[in-house]
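Student: I should like a close look at a single part of this structure, followed by an account of what surrounds that part. Please proceed step by step.

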Amino acid sequence: MNTRLLPLAGFALVLALLGFGIWWSQYHDPREVPSPLIGKAAPAFSLPTLEDPERHVTNLDLAGEPYLLNVFASWCFACREEHAILMNEGKQLGIKLVGFNYKDAPADAKRWLAQFGNPYDLIIADLPGDVAIDFGVTGAPESFLVDAQGIVRYKYISPITPAVIAAQLLPRIAQMKKGSQ
Amino acid sequence: MSTPRVIVQRVASAPMSRRWRGRIFCALLFLCALLACEFSSTAFAIDPLPFKDRAEELRFQTLAKQLRCLQCQNESLEDSNAPLAADLRRDVFEQMQAGKSDAEIKRWLTARYSDFVLYDPPLHGGTWLLWFGPLMVLAAGAGAVFITVRRRANAGGASTQTATRPASDVEDDW
Amino acid sequence: MIPELGQFALILALLLSVAQCVLPILGAQLCNRALIATARPAVAGQAVFVALAFGILTYAFVTQDFSVSYVAQNSNSLLPWYYRFTAVWGAHEGSMLLWVMVLNLWTVAVATFSRRLPDDFIARVLGVLGFVSVGFLLFMVLVSNPFLRELPMPGDGNDLNPVLQDPGMIVHPPMLYMGFVGFSVAFAFALAALLGGELDVRWVRWARPWTNVAWGFLTLGIALGSWWAYYELGWGGWWFWDPVENSSFMPWLVGTALIHSQAVTEKRGSFRAWTLLLAIFAFSLSLLGTFLVRSGVLTSVHSFASDPKRGLFILTFLAIVVGGSLLIYALRAPKVAGGEPFAAVSRETALLVNNLMFTVAAAMVLLGTLYPMIGDAFDLGRISVGPPYFGFMFVLLMVPVVLLIPFGPFLTWSRGDLKASAKRLAPALYPIPFALAAAYLLLPEGTSSGKAYAGVAASLWVGIGIALYALARWRNAARGRRYTPEMLGMICAHFGVAVFLAGVLIVEATSVEKDVRLAPTQSVAIGALSFRFDGVTQAQGPNFVAQQGTISVLKDNAVVATLNPQKRQYPRNQQIQTESAIDPGLFRDIYVALGEKVGDDGAWAVRVYVKPFVRWIWLGALFMMLGGFIAAFDRRFRAIAGIRDSGLEIRKSSDDRTTPALPNPESPIPTPGHPA
């Protein structure tokens with residue numbers, strides 16, 4: 001009798017796995033790439049700002065205080081939805097908001113910001129996309145939470161929503177601030 | 001009859017609950033945001049690179065086929081038309097020109113994108129089941145086959161009417 | 001109004017399928033003639049209403065009724081009329097209706113061609129098929145209704161995905177579904193045998209033709225999908241081990257094991273449990289495939305738009321059907337190994353090994369396909385499993401099979417002679433060194449020649465092996481009894497394997513791909529062929545505008561082919577669709593795709609391929625399919641008349657189940673139709 005039950009047992013395992021798969025796929029995008037940068041230093045970079053291409057900003061310039069690096073672009077449809085949230089609730093985060101303009105012509109980006117608003121304290125532009133690759137960016141929008149020492153603490157793929165701000169970002173920011181005190 | 005009412009109801013109001021609607025909306029927005037690879041445009045994938053010889057070109061193609069396009073549903077770096085794929089192809093090419101080995105290039109990529117970028121899963125603790133599972137199943141099955149065959153061979157003994165089965169219009173003789 | 005009729009038709013079909021499921025099985029259990037007799041009428045009724053629903057959906061597409069949401073999403077006013085038909089199954093809801101339609105086709109066929117089988121058995125078979133139908137119709141009525149309206153009606157539709165606007169889309173899904181759904185017949189037969197407590201093996205003889213035909217269709221469906229992907233998707237590949245492709249391949253692998261196992265069970269009475277289990281698994285994998293493609297749990301280029309609710313429904317259905325059947329198997333499968341004994345070296349053992357290898361291969365594909373999910377479940381990190389894994393493991397598992405195939409026909413049942421078989425096969429090895437030498441001379445350098453040599457050797461081994469058998473049969477068997485259809489089918493299919501092996505391994509080893517930047521009149525050389533770029537012009541199609549390139553292929557300064565790759569823009573979608581141009585040939589394909597304009601001198605990026613022997617892949621698959629169909633028409637399967645005409649029992653009222661009522665009480669194997 002045992003061998004006869006084996007196929008059923010095997011199937012039960014597969015079923016459990018598939019049930020898990022459905023549950024998991026509701027909360028995660030199957031294409032989401034986990035970031036190997038969590039807990040590691042943000043990659044070194046030197047990028048021009050959007051407003052003033054002559055001025056370059058490096059990761060060292062940003063060190064000293066935590067910041068949220070938000071990858072966005074004018075060609076990114078979902079970024080519009082996220083942008084509205086950032087405009088309204090960006091200040092709530094209590095940290096510097098750095099915009100990372102990804103593979104975007106500066107004129108297009110400026111026009112887009114003029115239309116949808118500018119919640120960022122600073123915007124750096126990566127037209128070729130090389131620094132984005134160093135960050136492991138696969139598209140827009142994506143956001144990185146970097147602490148005062150320049151260590152990447154958290155990466156969120158997908159448009160930021162108020163729920164994400166409340167559940168994921170604020171607690172971590174609070175922790176970072178506590179840690180640095 | 002309740003059936004007509006059911007139909008009308010479905011037409012008049014969206015049947016999905018808000019939670020599902022919200023999630024699907026977000027998912028769709030997110031998907032729109034990424035330059036889609038759904039269509040068969042190979043435009044960007046066709047990327048003439050200045051290889052110095054056929055061997056280098058072959059090496060590049062083989063390597064790119066083992067790497068995953070991260071913006072796409074399921075395509076290799078070699079075949080994908082996504083802009084990110086084009087950038088990564090260029091990076092892989094530059095590294096090859098700089099003399100890096102395949103392993104080093106793969107390490108460079110996994111440092112940025114995790115093992116997800118490799119279509120050839122590396123062998124480590126997490127993939128042990130993947131690489132050895134089928135062979136274990138095979139071994140177990142082979143064992144079962146061996147036992148079965150031995151049991152049947154012993155049970156039958158030597159006397160078995162074999163090709164002496166009568167041929168008929170209905171039965172075959174092979 | 002008419003789409004609502006379609007909805008009604010579906011609901012009525014659902015009700016009839018419930019009747020078809022419950023009443024006959026109940027009747028068979030209770031030996032109630034009246035209930036058993038409801039089976040065929042219920043089948044007919046359900047088929048009529050499903051056909052009606054399908055016809056109405058087709059009508060909605062042909063008349064471009066954009067008030068129907070599904071039509072609006074998958075059609076467009078400019079869509080050519082022939083694609084309006086295929087757009088019916090272009091997305092999830094419609095393809096589900098196609099599934100049900102094909103299921104009804106098979107059910108009607110089973111109901112029609114089974115008049116000579118015992119009524120209670122057929123009642124159970126039709127009842128099981130009815131159960132499957134209930135699941136799918138319920139799914140459609142509840143969460144995948146193709147007849148939902150979209151009000152207010154949009155002015156124009158979204159258009160069928162341009163990738164699907166192609167002749168391949170006309171045939172690939174229907175043929176694939178014929179295969180998937182066809183395995184439900186073998187499943188129904190197996191379950192009917194289990195439910196009826198049949199421990200003898202007549203059901204296998206009845207099931208064999210159905211299974212062979214289903215397998216043939218599935219082979220065709222997979223081959224068509226591969227061929228279509230090759231010419232339509234533009235990357236020159238023919239198989240990517242994508243989850244959706246794997247979903248069709250797993251049932252095929254188990255189906256191959258099944259058709260071989262059925263042969264053993266039917267002729268020798270052995271492997272009854274194996275055959276039952278494989279029949280259940282083949283269809284279970286079909287259902288699993290349906291789940292994987294539509295639930296969104298896996299990432300794939302092919303998957304339909306996903307919805308967790310749909311996934312949950314299909315999963316529940318899967319649990320009931322597969323779980324239920326495996327439970328019945330656990331309770332009712334033969335506990336004692338039956339059939340004639342066999343020695344360690346015999347055809348039975350060879351086929352048992354065959355069973356094992358194909359089943360392990362299917363398990364391997366399943367593991368690899370689901371592994372990313374396992375990785376997520378156990379927090380092993382996000383893992384990608386792709387062609388490097390599948391290709392490697394599959395080849396590893398198939399090596400023993402390829403080595404054994406030629407031995408199969410030469411080993412006799414019960415006790416085979418290995419030495420004699422090897423001696424008879426030895427001639428297959430003689431040409432191989434010469435062929436390898438020829439390959440060495442003809443192969444372009446720098447290719448992975450190991451694969452090419454292996455392909456040549458394996459193909460010759462299998463091909464000549466089967467030819468030697470056919471020859472031996474010609475010489476040794478009595479005239480007029482040399483080849484039965486079953487044997488011819490086997491020869492044809494195994495020959496197909498040889499052709500397929502040659503195609504796969506040679507093309508993988510020797511195909512050349514180059515991305516080049518070409519200005520008009522410039523050319524690039526691959527081997528003896530020269531590709532000259534002759535510029536790009538505008539072109540117009542029925543519902544698209546295109547930039548069309550012209551590439552002339554020259555050999556020794558003579559034009560061998562002129563190719564016109566296009567980049568199409570369809571009005572609704574802003575995306576550009578690349579149509580590659582192929583010059584097909586039996587021994588090589590020339591394949592060209594247009595990239596982007598580079599620079600100002602009229603230069604374009606162009607990709608050129610030369611793919612030797614690629615057509616042999618699908619040619620081999622076609623031979624395999626033919627083999628399956630030919631074998632199904634063996635007279636033996638149709639001589640069921642023997643059961644009835646010889647006055648033997650037909651269990652119309654199954655009062656005496658234990659009476660085998662067969663002519664030869666000594667042999668455990670039934671031999672109906674034995675000339676009395």
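Tutor: In this part of chain A, strand β3 (residues 67-72) and β6(A) pair in the antiparallel sense, and five bridges join them. The model is a predicted one, and what follows should be read accordingly. Within this pairing, A:Val71 has A:Glu142 of β6(A) as its bridge partner.

Strand β6 of chain A covers residues 142-146 and is mostly covered, with five of its five residues buried. Its side chains alternate in direction: A:Glu142, A:Phe144 and A:Val146 point one way from β6(A), whereas A:Ser143 and A:Leu145 point the other way, and all are buried. The assignment of A:Glu142 as buried requires that 20 or more other C-beta atoms lie within 10 Å of its own.

β6(A) has a further pairing, with strand β7 (residues 152-157) of chain A; the two run antiparallel and are joined by five bridges. Here A:Glu142 stands opposite A:Ile157 in β7(A). A:Glu142 is thus named in both pairings, as the partner of A:Val71 and as the residue opposite A:Ile157. β6(A) and β7(A) form a hairpin, with five residues between them. In the turn, A:Gly150 has a positive phi of about 85°.

A pairing of the antiparallel kind is also found in chain C. There, an open sheet of four strands has the order β1-β10-β9-β8, with antiparallel pairing. Its edge strands are β1 (512-518) and β8 (581-583) of chain C, each of which pairs on one side only. On average, neighbouring strands of this sheet are turned by 20° against each other, direction ignored. At one edge, β8(C) pairs in the antiparallel sense with strand β9 (residues 588-597) of chain C over three bridges. C:Ala581 stands opposite C:Val592 in β9(C).

The domain assignment places these strands in context. Chain C is divided into domain 1 (1-165), domain 2 (171-404), domain 3 (408-510 + 616-632), domain 4 (512-613) and domain 5 (642-676). The centres of domain 3 and domain 4 of chain C, taken over C-alpha atoms, are separated by 37 Å. Where these two domains touch, seven residues of domain 3 of chain C are in contact with five residues of domain 4 of chain C. On the domain 3 side, helix α19 (residues 485-510) of chain C gives the largest share, five residues. That side of domain 3 is made up of five nonpolar and two polar residues, with no charged residue.

Chains A and C also meet one another. The contact takes 19 residues from chain A and 26 residues from chain C. On the side of chain C that touches chain A, the elements giving two or more residues are α11 (272-295), α12 (308-332) and α13 (347-377) of chain C. The largest share of that side, 11 residues, comes from α12(C). By class, this side of chain C has 18 nonpolar, six polar and two charged residues.

Chain B remains to be described. It has six helices and zero strands, and its elements run α-α-α-α-α-α from the N terminus on. Of the 174 residues of chain B, 32% count as buried. Among contacts in chain B with a separation of 6 or more, 53% are between residues 24 or more positions apart.

Note on methods: Residues numbered from 1 in each chain as written. Chains lettered and ligands numbered in written order. Predicted model: local features only at pLDDT ≥ 70, side-chain atom pairs only at ≥ 80, totals over all residues. Nonpolar A, V, L, I, M, F, W, Y, C, P; charged D, E, K, R; others polar. Domains from an automatic or database assignment. Buried ≥ 20, exposed ≤ 12 C-beta atoms within 10 Å, placed from the backbone. Pairing = 2+ DSSP bridges. Axes fitted to C-alpha atoms, helices over the stretch in contact; angles between N-to-C directions.
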